[in-house]
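Here are a few notes to help you find your way around. Keep the viewer open while you read.

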Amino acid sequence: MHFSLLLLHLAGATLLLLYAVHMVRTGMERAYAGLLRRLFGEAKGGTIRAVAGGAAMAVMLQSSTAVAMIACGFVASGLLAVPVGLALLLGADFGSALVVRILSFDLGWLVPVCLAVGGIMHLKLSGQRLRETGRMVLGIGFILLSLRFIGEATGPLRHAALLPAISGYLAGDAMMAVLLGALFTWLIHSSVAAILMISAFAAQGVIPLEAGLPLILGANMGSGLIAFWLSRSMDKAAQRLPLGNLLFRVGAAVIVLIVIETLGVPVILRGLDPATALVDFHLAFNAVLALACLPFVKPVARLATRITQEPEGEGEAARQRLSALDRSVIATPTLALASATRELLRMGELVEQMFRPVMDMFRSGTSDQIAGLRGLDEEINDTHTGIKLYIAEVNRGQLTADEARRGIELTDVAINFEYAGDIVAKNLLVLAAERAEKALQFSADGLRELDELHARVVENMQLALNVLISNDVASARQLVAEKERIRAMQRASHERHLSRLQSGKIESIETSDIHLEAVRAFKEINSLLVATAYPLLTRTGDLASSRLVRVG
């Protein structure tokens, strides 16, 4: 019974650690999305800058996987070359290792500070950025608290009969330890959490150094495997980035494992306590990996391209297979409407794929890049037509009242997504082309305002897709609340822009029409996304029938 309670304690601490890492990443994405996007834009300036930018973003997000998935989207849009993207991921892995190094210090005294300050900021303050910063501080406090819990749970485990035998076996079978480390990291989808847990086990004497080093190597392989797995359904171009990074990490891990097995554990590591030795080894591995692999990003990019190259004629067939509209279930309305919902999700992702790089187009987009993004509008229109015709055919069958209502709601969402795609293709990207043709530049303040608005709408796109799939009332309420926030941001941007015009800023004067139209377009797109939540909130009674105040 005592052993079972210890395992339950360990499981709870592990889940708290995973949740805390997620909290920090979510807070950073919501509060500082504009800063992250600017960092990403600057990182595209070359391989050295990409390494530095990737490291900075991974430290801020506490996740190299998050950086990898953002980069995959830019590669798929043609805005990021694969070699530069590989350099970005090498830097991101090093930044993630820096996070582990920082969190591994004895920071127990910070726990009450983070919980108190973060709790007050997140629960009591009114500003969105302050609340999300509070979420980040709370997350850091929970990370440190979970590490303390893991230490308390693993201490007694070293006296259990089974664990010493397992750790002894792993110390004698390095390859099994590597595979176990990779599998564990992939299962929990967080290399930061995996490394911290392995070091916590080592600190309690549960894992010897001989088993810990292969586990760390396996965790590094698992880190590359996470992004590779998550990108498996993406465009072939996007898959090349995590594939190349995985090749780097697997190759380096195998080489280092052979060296350790041949020469033994480095003497410098034996002079440290096991937990510190493992964390320092992880940091050194990623630092050397970034330096050693940087000259090889172009050859590995070519190799990844060859591996993922589609045979002639398969590209079009693959695109045709993407449709989720299953005609075999059209006589079963429940299944057919679920099929239409999946196709709507794909349509929303296409709109996001076209909208997400808009600010990059406003900065430095070329005519070819802009034309490539506008080409997605045709696919969005085709998807919209397919969904409408499919639901119309479903409606010719026998439907319940709820099924008929759901069909109408899905059709309305498809219309809104198609209109949002038109705004991007026929408004925003046209404005981007005009800016490029005239070689105009936004003012620093104007660009920052557009960045913040764009980043907020991107987040709301994700929220709208979540509402579409999950029917979660809390998410729907949050999405509707975002309408007023975006409206307030638009008004504030409009007023500040007029102030800049009055002050005679030449950049603001030259880009005035583009700035104002872009802000208006962002607001219109957001309103279309918010409409996704209306049917659900109307059914639950969370949406008033009119915004007018009653008189009399």
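The points below go through a helix pair, a short helix, a few single residues and two distances.

1. Before anything else, keep in mind that this is a predicted model. Residues are counted from 1 along the chain as its sequence is written, so the numbers below should be simple to look up.

2. Let's begin with a helix pair. Two packed helices are described by the angle between their axes and the distance between the axes. For α11 (residues 209-230) and α12 (residues 236-263), the axes come within 8 Å and cross at roughly 170 degrees. An angle over 145 degrees counts as roughly antiparallel, and α11 and α12 are therefore roughly antiparallel to each other.

3. Which residues of α11 and α12 make the contact? On the α11 side they are Leu 213, Pro 214, Leu 217, Asn 220, Met 221, Ser 223, Gly 224, Leu 225, Ala 227 and Phe 228. From α12 come Pro 242, Leu 243, Asn 245, Leu 246, Arg 249, Val 250, Ala 253, Val 256, Leu 257 and Ile 260. Sorted by class, the contact between α11 and α12 has 15 nonpolar residues, four polar and one charged.

4. Next, have a look at α15, a helix of twelve residues (297-308). At 1.5 Å a residue, α15 should span 16 Å, and its end C-alpha atoms are indeed 16 Å apart, so the two agree.

5. Which residues of α15 are buried? They are Val 297, Val 300, Ala 301, Ala 304 and Thr 308. These residues cover an arc of only 105 degrees around the axis, so they sit on the same side of α15. The spacing fits a general rule: an α-helix has 3.6 residues a turn, so residues three or four places apart point the same way. On the other side of α15, Lys 298 and Arg 306 are exposed. The cover over the buried residues of α15 includes α3 (47-61), α5 (82-103), α12 and α14 (274-293), and α12 is also the partner of α11 in the pair above.

6. While you are at α14, find His 282, which is part of that helix. Is His 282 buried or exposed? With a relative accessible area of 5%, His 282 is buried. Leaving aside residues up to four places away in sequence, His 282 touches Ala 97, Val 100, Ile 195, Ile 216 and Asn 220. Asn 220 also takes part in the contact of α11 with α12.

7. Two backbone angles deserve a glance. Most residues other than glycine have a negative phi. Ala 439 is not a glycine, yet has a positive phi of about 55 degrees. Ala 439 is in the loop between α21 (401-438) and α22 (444-470), and counts as exposed because its relative accessibility is 56%.

8. Asn 471 also has a positive phi, near 55 degrees. You'll find Asn 471 in the loop between α22 and α23 (473-503). Its relative accessibility is 35%, so Asn 471 counts as partly exposed.

9. Finally, two distances to get your bearings. Ala 444 belongs to helix α22 and, at 63% relative accessibility, counts as exposed. From C-alpha to C-alpha, Ala 444 and Ser 190 are 36 Å apart in space, with their positions 254 residues apart in sequence. Lys 236 lies in helix α12 and counts as partly exposed at 31% relative accessibility. Lys 236 and Ala 165 are 71 residues apart in sequence, and their C-alpha atoms are 44 Å apart in space.

Notes
Predicted model: local features only at pLDDT ≥ 70, side-chain atom pairs only at ≥ 80, totals over all residues. Heavy atoms only, no water. Axes fitted to C-alpha atoms, helices over the stretch in contact; angles between N-to-C directions. Helix = DSSP H or I, 4+ residues; strand = E, 2+ residues; numbered from the N terminus. Parallel < 35°, antiparallel > 145°, perpendicular 65-115°, else oblique. Contact = heavy atoms within 4.5 Å. Nonpolar A, V, L, I, M, F, W, Y, C, P; charged D, E, K, R; others polar. Buried < 20%, exposed > 50% of the residue type's maximum accessible area, 1.4 Å probe, protein only. Expected span 1.5 Å × (residues − 1). Arc of directions from axis to C-beta.
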